[in-house]
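Me: Take one helix of this model and give it a close look. Start with the helix itself, then work outwards through whatever surrounds it.

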Amino acid sequence: MDLNLIPFGLIDVTNKFVDIYDVERGKSCNCICPSCRTPLIARHGDSNTWHFAHAHKGVYKKTKKECEYSFYLSVRLMARQLIDSRIALGLPEYESHVDKFDDELGYSVQEKFIITREQNVTIEEIKVEKFFSGVAVDLIGNINGFQFVIYFTHQNRDVPIELYTPNSHKCGVIAVELNSLPMLFSKARKDGKTYKEVLEIFLSTNRDSKKWIFHPSYKKQEIAAFEALEETIKKLKEKKNTPFKFSSTDSHTFISKEDFLDAAVDSYMLDRKKNAQT
Ligand SMILES: [Zn+2]
């Protein structure tokens, strides 16, 4: 699906987003563009991917720049509307590593660590369009008393730097990348799904699109990993400084073949003497 096509239109009076599949075709859809707020027409074609288009080409030419990312804007706003106050999310594993170059060893040593395994969580008390650490984010919710932030990313919309170092460390921040949605929407009609359904499934189950930006126990795990790294370096140095040598003391404790035979003969003679005496 092209990025200049709009999957979700905005109904001006209710300020709610609607799926192209849930409206009448043409101008009767009563929707406007979320970027430039000009009327949209619903295109339900047999061959084309269903979408909203700007009703007045002239207006669109003027607002082209503004509406360049209307695909993503409509998706982001629809996602916020869909999620409402609660969502079950499949979250990915979060793995990281620490490394250190050691002068004595002459190379860099790395220690991997896992901050969290893959998991399914339910975020509650979700609020939309809130500020967090001084930046506007898409959604803020709550998991077991920890604030949980969701930030949608796509072309020309990266995670703000502030979210990597939030003011409060008692929180989690996840980025959800929307770049695979145009492709997923293109397949929607063939799979008998509306864009809304595709978006819902994508948000709850697609782990590959999600990335941890901040996790509350990252710092603790990182400190532990640094300690483990120092331990590994220490062991590697010990190994390096222990020269490889044959043990010279052990060879004396071995009984040579000759000694063994002598002892056996001695013992045999002793036995014979004993027997002769009796
Ligand atoms: Zn527009």
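Reply: What follows starts at helix H4 and moves outwards from there.

The model is predicted. Confidence comes before geometry. The protein chain averages a pLDDT of 86, and 84% of its residues score at least 70. Among its elements, strand E13 (residues 210–214) has the highest mean pLDDT, 97. Helix H6 (residues 250–253) has the lowest, 48. Over residues 250–254 the pLDDT stays under 50. That stretch has 0 contacts beyond four places in sequence.

Now the frame. The protein chain holds 7 helices and 13 strands. It has 278 residues, and 24% of them are buried. Take the contacts between residues at least 6 apart in sequence: 61% of them join residues at least 24 apart.

H4 covers residues 195–205. Its buried residues are Tyr 195, Lys 196, Leu 199 and Leu 203. They span an arc of only 100° around the axis, so they sit on the same side of H4. The general rule fits here: an α-helix has 3.6 residues a turn, so residues three or four places apart point the same way. The face turned away from that buried side carries Ile 201 and Thr 205, both exposed.

What covers the buried residues of H4? The cover includes three strands, E1 (8–11), E2 (16–19) and E6 (87–91), and two helices, H2 (70–83) and H3 (181–186).

Take helix H2 next. Two packed helices are described by the angle between their axes and the distance between the axes. The axes of H2 and H4 come within 11 Å and cross at roughly 75°. That makes H2 roughly perpendicular to H4. From H2, the residues at the meeting point are Val 75, Met 78, Ala 79 and Leu 82. From H4, they are Lys 196, Leu 199, Glu 200 and Leu 203. Lys 196, Leu 199 and Leu 203 are also on the list of buried residues in H4.

Strands E1 and E2 belong to a sheet. It is open, with 3 strands in the order E2-E1-E3, and the pairing is antiparallel. E2 and E3 (31–32) stand at the edges with a single partner strand each, so one side of each has no neighbour in the sheet. E1 and E3 run antiparallel and are joined by 2 bridges. Ile 11 has Cys 31 of E3 as its bridge partner. H2 lies across E1 and E2, at about 105° to E2.

After E3 comes a loop that leads to strand E4 (40–43), and Arg 37 is found in it. Its phi is positive, about 60°, although Arg 37 is not a glycine. Most residues other than glycine have a negative phi. Arg 37 has 13 other C-beta atoms within 10 Å, so it counts as partly exposed.

Strand E6 leads to another sheet. This one is open too: 6 strands in the order E6-E9-E10-E11-E12-E13, with mixed pairing. E6 and E13 are the edge strands, each pairing on one side only. The twist averages 40° from one strand to the next. H2 packs on this sheet, touching E6, E9, E10 and E11 (146–153). The direction of H2 makes about 20° with that of E10. H2 therefore has contacts with H4 and with this sheet.

Inside the sheet, E9 (residues 119–132) and E10 (residues 135–143) pair in the antiparallel sense over 6 bridges. Lys 127 has Ile 140 of E10 as its bridge partner. Ser 133 lies in the loop between E9 and E10. Its phi is positive as well, near 50°, in a residue other than glycine. Ser 133 is partly exposed, with 18 other C-beta atoms within 10 Å.

One more residue belongs to this sheet. Glu 177 is in strand E12 (residues 171–177). It too is partly exposed, with 18 other C-beta atoms within 10 Å. Beyond its neighbours within four places in sequence, Glu 177 is in contact with Thr 153, His 154 and Ser 209. Glu 177 and His 154 are 23 residues apart in sequence. In space, their C-alpha atoms are 5.7 Å apart.

Back to the helix. H4 has one buried side, and H2 is part of what covers it.

How values were computed
Residues numbered from 1 in each chain as written. Predicted model: local features only at pLDDT ≥ 70, side-chain atom pairs only at ≥ 80, totals over all residues. Buried ≥ 20, exposed ≤ 12 C-beta atoms within 10 Å, placed from the backbone. Helix = DSSP H or I, 4+ residues; strand = E, 2+ residues; numbered from the N terminus. Arc of directions from axis to C-beta. Contact = placed C-beta atoms within 7 Å. Pairing = 2+ DSSP bridges. Axes fitted to C-alpha atoms, helices over the stretch in contact; angles between N-to-C directions. pLDDT = per-residue confidence, 0-100. Parallel < 35°, antiparallel > 145°, perpendicular 65-115°, else oblique.
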